[in-house]
Amino acid sequence: MFYREAGQFKTSYQADGQVFPIRQDRVALAALLLAALVAVPLLASPYLLSAILIPFLIFALAALGLNILTGYAGQLSLGSAAFMAVGAFASFNFIARLPGIPMLLAFVLGGLAAAMVGIAFGLPSLRIRGFYLAASTLATQFFVLWCLTKIPYLTNYSSSGVITAQKIVILGYSFDSPASKYLLVLAIVALMALLAKNMVRSNVGRSWMAVRDMDVAAEVIGFRPMRTKLLAFAVSSFYCGVAGALYAYAYLGTVEPEAYNLDLSFRILFMIIIGGVGSILGSFLGAAFIVLLPVFLNILAHALSLPTSVASNLELMVFGALIIFFLIVEPHGLARLWQVGKEKLRLWPFPH
């Protein structure tokens, strides 16, 4: 941490004869995480926790999974919601069919089930790319939802297809209040985001980026495109599967196929485009933007007394305009704007 010497904060420390810089962004991140753990549950209302913060964290986790596949590995996917559905329904069936299974283990197994589906539908990426790969992953969306509606075993033979999710009970503690659900989701998302950040800095992340930039050259220098692409699909689908389980259990309270429709896949894609492709921070910024924008647009529509027909389509028009804006003006999204803003603040008015 920072400490004073001669009336000033030191920005480095010495150890074993070497000088190591103190990362100010890590201190800021630790302070932000501490505020999210302590201040938010105490000050936020149940509506804010249930309707905004919990879905923001869940969507950020799903966007992080898609960003691993699209931003770091360069494989375009339009089936994120399908992998979320696999994670949700697999977790439900594990809990229903295996009495006494720990719920966190069920979430992990649901993510692994989504990873297996992701590997199966990621096989076409070995031969096709670009638009054709997007069409292939789009088929995943329709195929998974078709299976969930046509195979009664997956929905526990429910006539309506809508199933009430089991209560979240971990180590004998029931997570039934908005604050407890928020803390659970926050802990899972923070842990998985930290793992993703370390992963993209490792040899695995470098292999993803090498295949993304030029797969032929990556193969020449020793990377295996087949294993690299399938691993990206597996990790991405695992993250989306866990996000889908949290979406069903911590937010909706039900497990239903219609909650994971194509619109959700596009919303997750919009998150990484607006937040920043190939950026961990961009996944969170994009999720926050997509979650908060409809709230502000609804307030604006009521304040301006806009007609119902205009207000209902205002969100779609703004989303479309923002997608075009970021693709043309700033392809790296809000994460790049945040980085540029920090650099300017380091120069003026705060030179350090």
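This passage describes the confidence, the nonpolar core and one pocket of a predicted model.

The mean pLDDT of the chain is 83, and 89% of the residues score at least 70. Residues 1-22, by contrast, have a pLDDT below 50; this stretch nevertheless has 28 contacts in the model beyond near neighbours in sequence. Where pLDDT is low, predicted coordinates should not be read in detail.

The largest nonpolar core comprises 95 residues. Within this core, the members that touch the most others are Met84, Tyr249 and Tyr260. Among the contributing elements, helix 2, which spans residues 46-72, supplies the most, with 17 residues. The surroundings of Tyr249 can be listed individually. When residues up to four places away in sequence are not counted, Tyr249 is in contact with Ala88, Ser91, Phe92, Ile95, Met103 and Phe107, as well as with Ala165, Gln166, Ile168 and Lys181.

The second largest pocket holds about 230 Å³ of space. Three elements each give two or more residues to its lining, namely helix 4 (103-122), helix 6 (178-200) and helix 9 (225-252). Of the elements, helix 6 gives the most to this lining, with 5 residues. The lining is made up of Leu104, Phe107, Val108, Ile188, Leu191, Met192, Leu195, Met199, Val235, Phe238, Tyr239 and Val242. By class, 12 of the lining residues are nonpolar, while polar and charged residues are absent. Phe107 links the two descriptions, as a residue that Tyr249 touches and as part of the lining of the second largest pocket.

How values were computed:
Residues numbered from 1 in each chain as written. Predicted model: local features only at pLDDT ≥ 70, side-chain atom pairs only at ≥ 80, totals over all residues. Heavy atoms only, no water. pLDDT = per-residue confidence, 0-100. Contact = heavy atoms within 4.5 Å. Core = buried A, V, L, I, M, F, W, Y, C linked by side-chain atoms within 4.5 Å. Buried < 20%, exposed > 50% of the residue type's maximum accessible area, 1.4 Å probe, protein only. Helix = DSSP H or I, 4+ residues; strand = E, 2+ residues; numbered from the N terminus. 1 Å grid on protein atoms, 1.4 Å probe; cavity = no way out; pocket = protein on both sides within 12 Å on 5 of 7 lines; lining within 4 Å. Points joined across faces, edges and corners; volume = space filled by probe spheres on them. Nonpolar A, V, L, I, M, F, W, Y, C, P; charged D, E, K, R; others polar.
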